[in-house]
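The following paragraphs guide a new reader through the structure shown below. They take up one part of the architecture at a time.

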Amino acid sequence: MAVAGITFENVTKRYGAVVALDQFNLTVAPGEFMTFLGPSGSGKTTALNILAGFAGITEGNVRIGDRSVVNLPPEKRNVGMVFQSYSLFPHLTVFENVAFPLRLRGERGATLETKVRGALEMVHLAEFGKRMPNELSGGQRQRVAFARAVVFEPPVLLMDEPLGALDLKLREQMQLEIKRYHQQLGCTIIFVTHDQGEALTLSDRVAVMRDGKIAQVDTAQDIYDRPSTRYVAEFIGRTNLFEIEQGQGNGWSIAALGTQMAALDDHGAAGRTLSVRPEKIRQIGQGDADTTISFDARVTDVVFQGDHVQYQAVTSGGAPLTFQEHRGHGARLQQAGDALRLGFDVADAVPVQNQ
Amino acid sequence: MKRLSLIWLLLPAALLLAAFIVMPTFDLIRASIFDPEFTLKHFQRLVERGVYVDVMWRTVRVSLIVAVICTIVGYPVAMFINLQPKKRQVALLFLILIPMWMSVLIRTFAWIVVLGREGLINDLMIGLGLADGPVQMLYTSGTVITAMVQIMLPIQIITCYSAMTEIDLDLMRAARVLGARRWQALTRVYLPLSYDGTLTGLVIVFMMSMGFFITPALLGGRQDMMIANLIEFQVQHLNWSFAAAIGIVLLVLTVAMILLLRWTGRFAFRRLLNVGR
């Protein structure tokens, strides 16, 4: 199968006075699984609709492979698409739904039959060809929609919040399946979601979007571990944000914790905040390394979550923070009111831009 | 238990039907075959006389033509409305419904004003020098059909439209991105999904046209007489039994044609689904 990359070059899309995409730049490598993650109104769906050909652009250029698709109608783009509501044709059987794109491409007879069967087998619905869409469960419809989107082996597959309508368990199962399909098919996938868990699980890279722009594009791990802005740090997972100021010499002082640390880079503290994930903060004893920042705190709230416990605490400086403990062997539950010595490794603190 | 108590909800309707539809229908059947002894002579007369057969076929033909024109004209209008923003849809539907506030009689008279010898169109054509004298438009078959279409069109538009509102327009996008051109998305998705409603509209228009009386009476000539006009004529001449027989035939003919239309419709639908296979 031919695989194509995708390029957005300075794409701006305006709806009247509203700017849906603002000087949007992004290159997606052939075969990459790229997720557009953001709240509603961030432009992720607009970007997808532009790729599918449902929306034009005001400025810039969009390429699939080497070809500019700006003036191509949807049917000429040869991209597969899975819709949030599945959009199966209710008047056609499962088989005919999957055959739909093939018939439009002039496939007939045995070839068509083989391809449709293959696609239905891939999604474990080989026996369901004669059913009508309304006789299927949500998960099954989802799979038919997927089979229909990939049966003609498009080089690019677009998925618009495809798991949004499924319950949690099914969603997790489908995530694994989508990952498997991606490995099997090798096509480039653009996946739109507002669910950060989904984004982290599935993607090679995640583009976090905000107000029609990309806030950060990176691997899932880097997005989580190395957020570049306050917005990204808060949008993905939970985090503690501590204000920092330029201290003595090259150091930064953290007022909330009543402590100092060596500067992590040369950019200075101005306009930046320190982000520390709750699971990076732990109780510390005497023997901890000198790369640890430590401070006193008092537990105010205990949220029991089975495999881990989430604590709300207040530092001696009065700043609220959240930390998390895994309930490994012999771990003792803290009580509200307990005074603790907490800390985190310097390496786990990330200075982020105040945006 | 529950079902038993729910059935009482239908009681008023059942009483109404029994008193004003079922009983009179049986009375009509009785009147058509007892005169005063049992006889089939009225039906025989109806079938044997060419004039009457002509009237029956004309009624079926005119009704079919009206239903088909209403469908061809109404379907695109309904589609147009359905593809507008929601607010505009409401306004457009309102415009479509306005003519239905007026009785058929008034709308038919309006056509006389428009098409008469000294009507609007003739005045205009003579004034512009397009015609030397008044053109005969009233009392022709074309006028009857035109007026009937005008009267029935809103019904077909509304029926089509309500079927179309059920269509998820994302399906059209899905079709496009899967490789369908505009017209292919139309013929393979939109048309099949609005087919049932359109066929229902066609049948309703046909059914109502079969019983049209005022419009052919006022706008048509002798050659445009339809079954309802024939019944009226016979009643005027106090041929009650013959009129009853014609009424029965009208009923049977209408039901038979509806069945035929639905059957043909379903057959055509399967052909439509096979387009491109």
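Residues 240–261 of chain B are 100% helix and 0% strand in this predicted model, and the C-alpha atoms at the two ends of the span are 31 Å apart. This stretch is one of several in chain B that an unreviewed UniProt entry marks with the feature "transmembrane region"; the others are residues 55–78, 90–116, 136–163 and 198–220. Of these, residues 136–163 of chain B are 82% helix and 0% strand, with end C-alpha atoms that lie 40 Å apart.

Helix α8 of chain B, which covers residues 141–164, deserves attention next. This helix has 24 residues and reaches 33 Å from its first C-alpha to its last, close to the 34 Å expected at 1.5 Å a residue. The axis of α8(B) nevertheless bends by about 40 degrees at M152(B), and the proline P154(B) follows within four residues. As for its surroundings, 17 of the 24 residues of α8(B) are buried, so the helix is largely enclosed by the rest of the structure.

Attention now turns to chain A. According to an unreviewed UniProt entry, the feature "domain: ABC transporter" occupies residues 6–236 of this chain. That span is 36% helix and 27% strand, and its end C-alpha atoms lie 25 Å apart.

What are the residues with the most contacts inside the largest nonpolar core? They are L51(A), V98(A), A147(A), L158(A), I190(A), A207(A) and V208(A), in a core of 81 residues. Helix α4 of chain A (residues 138–150) supplies the largest share of this core, namely 6 residues. The surroundings of L158(A) give a closer view: once neighbours within four places in sequence are left aside, L158(A) is in contact with L48(A), L51(A), A52(A), V79(A), G80(A), M81(A) and I190(A). Apart from this core lies another, of 44 residues, whose members include W111(B), A163(B), L202(B) and A228(B).

The last topic is the contact between the two chains. It takes 18 residues from chain A and 17 residues from chain B. On the side of chain A that touches chain B, the elements giving two or more residues are β6 (79–82) and α2 (94–104) of chain A. The largest share of that side, 4 residues, comes from α2(A). Sorted by class, the side of chain A that touches chain B comprises 10 nonpolar, 4 polar and 4 charged residues.

Note on methods: Residues numbered from 1 in each chain as written. Chains lettered and ligands numbered in written order. Predicted model: local features only at pLDDT ≥ 70, side-chain atom pairs only at ≥ 80, totals over all residues. Expected span 1.5 Å × (residues − 1). Bend = angle between axes of the 7 residues up to and from the residue. Buried ≥ 20, exposed ≤ 12 C-beta atoms within 10 Å, placed from the backbone. Core = buried A, V, L, I, M, F, W, Y, C linked by C-beta atoms within 7 Å. Contact = placed C-beta atoms within 7 Å. Nonpolar A, V, L, I, M, F, W, Y, C, P; charged D, E, K, R; others polar. UniProt positions renumbered as here; feature names shortened; annotations may be inferred.
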